[in-house]
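User: Hey, got a minute to walk me through this one? I'd like to go through it piece by piece.

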Amino acid sequence: MPRQNQAYIEPRATVARYESGRFVIHTSTQWPYQVRNTVAELIGVRPTDVRVVVETVGGGFGGKVDSYVDAFAALLARKARRTVKLVNTRKDEFVTGNPRENAVIRLRSAVTRDGEIVGREAVMQLDAGAYAGESPFLTAVGPQALAGGYRIGALRNVNQAVYTNTPPTGAFRGVGGTYCIFALERHMDRIAAAIGMDRRELRLRNVYRDGDTGPTGQTYSDLALLDELERVDQAAPWAEATAAGPYRGVGLSAVIWVTNSGPGGVALKLNDDGTVGIITAATEIGSGAMTQGVSQVVAESLGIQASDVVIMPPDTDAAPFDMGAAGSRTTVAVGNAAKQAAAEVREKALAVAAALLEAAPDDLELAEGTARVAGAPERAIPLGMVSLAATWSTGPITGHGSYNQTPVPFNAACSLGLLLPAFAQPSSHVHQCEVEVDPDTGKVTILRYVIAMDVGKAINPDAVLGQIQGGILQGLGYALYEGQGVDERGRVVEDRFETYRVPGPYEAPPIVPIVVEGYASDGPFGAKGAGEPPIVPVAAVVANAVADAIGRPIDALPITPWAVLAALRAEPAEQARQSWSWRDITIADEPTIAETAAA
């Protein structure tokens, strides 16, 4: 699998100044506290000597989780005693960025004749580039991702990050998942062919059910996989898709994905005009998690319009800690903290309003921007008046909330070095894709893409649909077009948009979204993360569909027309499947550089 560039619209940019012995940095980042701590460590000062302010971020997709140009700008600002601005060119982004890592994965499984997977061995080697950077974390995600949504008996999973003389790789939406699920689902189709079983039936036989135990001992409950498989089949019957005719194919995938954990805090203040201000270090990176998700949680809790919720720019001097906009965690983690803070604001506001309305707090409600007597809406007072009265009596009304995911029980003896030994707030997803392949040109046309996605509760249904559509299109780029190459000297080949192909609106296929609600979550109002999951299985289902259409294996990405034509002219799938030997792979408990290279 190749490297994939995040290709966000806004390049990395930072403005730094040095004043009164402190660094002030305005930057485009997904994680302001990470920038603060990294800059402080690199320069050799206390973290509180660095202030980070985040303006509107023009996209991230994981590429702006860490700090990059900020420390250089800070050092130059201190040296010059002037404000310093650094902005990457697009070539800078492609050459010095941290794209999704390229990887090689090999799988073998022990399967009974009736399709039960009783054992598996997996070896993954990913390209770290010249420096470790984020690679140790990315390597530690793969073992969970390689399980997919299917039960496994005995499992041995070895993941290795390999140093190469190339630019470093890093986080990208669906960290570790896109290529792991690609390999897994291609493997599942091969298993089905080997034992003569229908591919959908094999998945039905093995998907996780409630009460099943994952590879690290986590017990799953309230899963939607069987429900989603049925809903997808109702929307696009498998029997019809598999009988569509020559050069038409269909692919299927079932996945469990994680909502990232990590702490977050929120402070709320009720203003004298009835609006509510949110102070947090959580950033809005274009997903709507803050501007739609968290703001709606606050609005719903306090009986006001979402437009009356004002989100302050993240500022590490004023905002509580947040672990960053990554892994679909913002709506869940920050939303829970915001809901907790809103409960405190609500309690204080009702106490003040009770005195003004001469009623008991328990008889009041907050609705339509007022505090009013329940059942008697004419006895009401605007929230702005409540805030003003509180300011000059008991003091300004504020609320504070903090959240961190409760640890999920797992068996520590089952794993070593995992970043996520258990999936917090797991959600389930089923994708099905139908394609048509032109045997003369190798062009792949997506005829229909169906996705059933477990979101727990859609806080903002339109935002969820936007994430589904965007994630699928970004995944299609990974499947069909994108691949950032590196030549024999370690230089990036595709270093601009003229040479790096990303899909646009004309490549958007007919998408049938099925938003699945009602499966349990600890998120606010039952919400789960919705930003990452849509991209994870896309390459897998497209590859399975193309392989089905042409009757040849597809074992590499991207699936360009040239790759399709090469596959059509290659040896039969069975011979290709047997063309390499598992005995060629060497794994040592503590591999040396030579052993890793040999493997």
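Analyst: Sure, what follows is a tour of a few helices, strands and single residues in this predicted model.

User: Let's begin with helix α1. What span should its 12 residues have, and how far apart are its end C-alpha atoms?

Analyst: Helix α1 covers residues 32-43, and at 1.5 Å a residue its 12 residues should span 16 Å. The end C-alpha atoms are 17 Å apart, which agrees.

User: Which residues of α1 are buried?

Analyst: Those are P32, Y33, V35, R36, T38, V39, A40 and I43.

User: And what do the buried residues of α1 pack against?

Analyst: Two strands and a helix: β2 (22-27), β3 (50-54) and α2 (70-80). Just after α1 comes G44, and its phi is positive, near 90 degrees.

User: OK, switching to α6 and α7. At what angle do they pack?

Analyst: Helix α6 (residues 177-195) and helix α7 (residues 199-206) meet at about 110 degrees, and their axes are 9 Å apart. That makes α6 and α7 roughly perpendicular to each other, since angles of 65 to 115 degrees are put in that class.

User: Which residues make the contact?

Analyst: On the α6 side you have E185, M188, D189, I191, A192 and I195, and α7 brings R199, L202 and R203. Sorted by class, the contact of α6 with α7 has 5 nonpolar and 4 charged residues, with no polar ones.

User: Now the strands. How many bridges join β12 to β13?

Analyst: There are 4 bridges between β12 (residues 364-367) and β13, and the two run antiparallel. A367 has T370 of β13 as its bridge partner. The hairpin of β12 and β13 has 2 residues between the strands, and E368 takes a positive phi near 55 degrees there.

User: What comes on the β14 side of β13?

Analyst: Another antiparallel pairing: 4 bridges join β13 to β14 (residues 376-382). V373 is matched with A376 of β14. This hairpin also has 2 residues between its strands, and G375 in the turn has a positive phi of about 85 degrees.

User: Are the faces of β13 covered or open?

Analyst: Both faces of β13 (residues 370-373) are covered. T370 and R372 are buried on one side, and A371 and V373 are buried on the other. As background, side chains in a regular strand alternate between the two faces of the sheet.

User: I also spotted a sheet with β8 in it. What's the strand order?

Analyst: The order is β8-β16-β17-β18, an open sheet of 4 strands with mixed pairing. Its edge strands are β8 (248-257) and β18 (511-517), each pairing on one side only. On average, neighbouring strands in this sheet are turned by 10 degrees against each other, direction ignored.

User: How does β8 pair with β16?

Analyst: In the antiparallel sense, over 10 bridges, with β16 covering residues 427-437. S253 has H431 in β16 as its bridge partner, and helix α13 (residues 461-481) packs on the sheet, touching β17 (444-456) and β18. The direction of α13 makes about 135 degrees with that of β17. Back on β8, R248 stands opposite E436 in β16.

User: How many residues of β8 are buried?

Analyst: 9 of its 10 residues, so β8 is mostly covered.

User: Last topic, a couple of single residues. Where does T280 lie?

Analyst: T280 is in the loop between β10 (276-279) and α10 (289-302). T280 has a relative accessible area of 0%, so it's buried.

User: What does T280 touch beyond its sequence neighbours?

Analyst: Leaving out residues up to four places away in sequence, T280 touches G265, V266, M290, P314, A319, P320 and V334. Take A319: it's 39 residues from T280 in sequence, and the C-alpha atoms are 4.6 Å apart in space.

User: And S301, is that buried or exposed?

Analyst: S301 counts as buried, at 15% relative accessibility, because the cut-off is under 20%. S301 sits in helix α10.

User: What is S301 in contact with?

Analyst: K339, A342, R346 and F525, leaving aside neighbours within four places in sequence. S301 and A341 are 40 residues apart in sequence, with 9.7 Å between their C-alpha atoms.

Technical notes
Residues numbered from 1 in each chain as written. Predicted model: local features only at pLDDT ≥ 70, side-chain atom pairs only at ≥ 80, totals over all residues. Heavy atoms only, no water. Axes fitted to C-alpha atoms, helices over the stretch in contact; angles between N-to-C directions. Parallel < 35°, antiparallel > 145°, perpendicular 65-115°, else oblique. Contact = heavy atoms within 4.5 Å. Nonpolar A, V, L, I, M, F, W, Y, C, P; charged D, E, K, R; others polar. Expected span 1.5 Å × (residues − 1). Buried < 20%, exposed > 50% of the residue type's maximum accessible area, 1.4 Å probe, protein only. Pairing = 2+ DSSP bridges.
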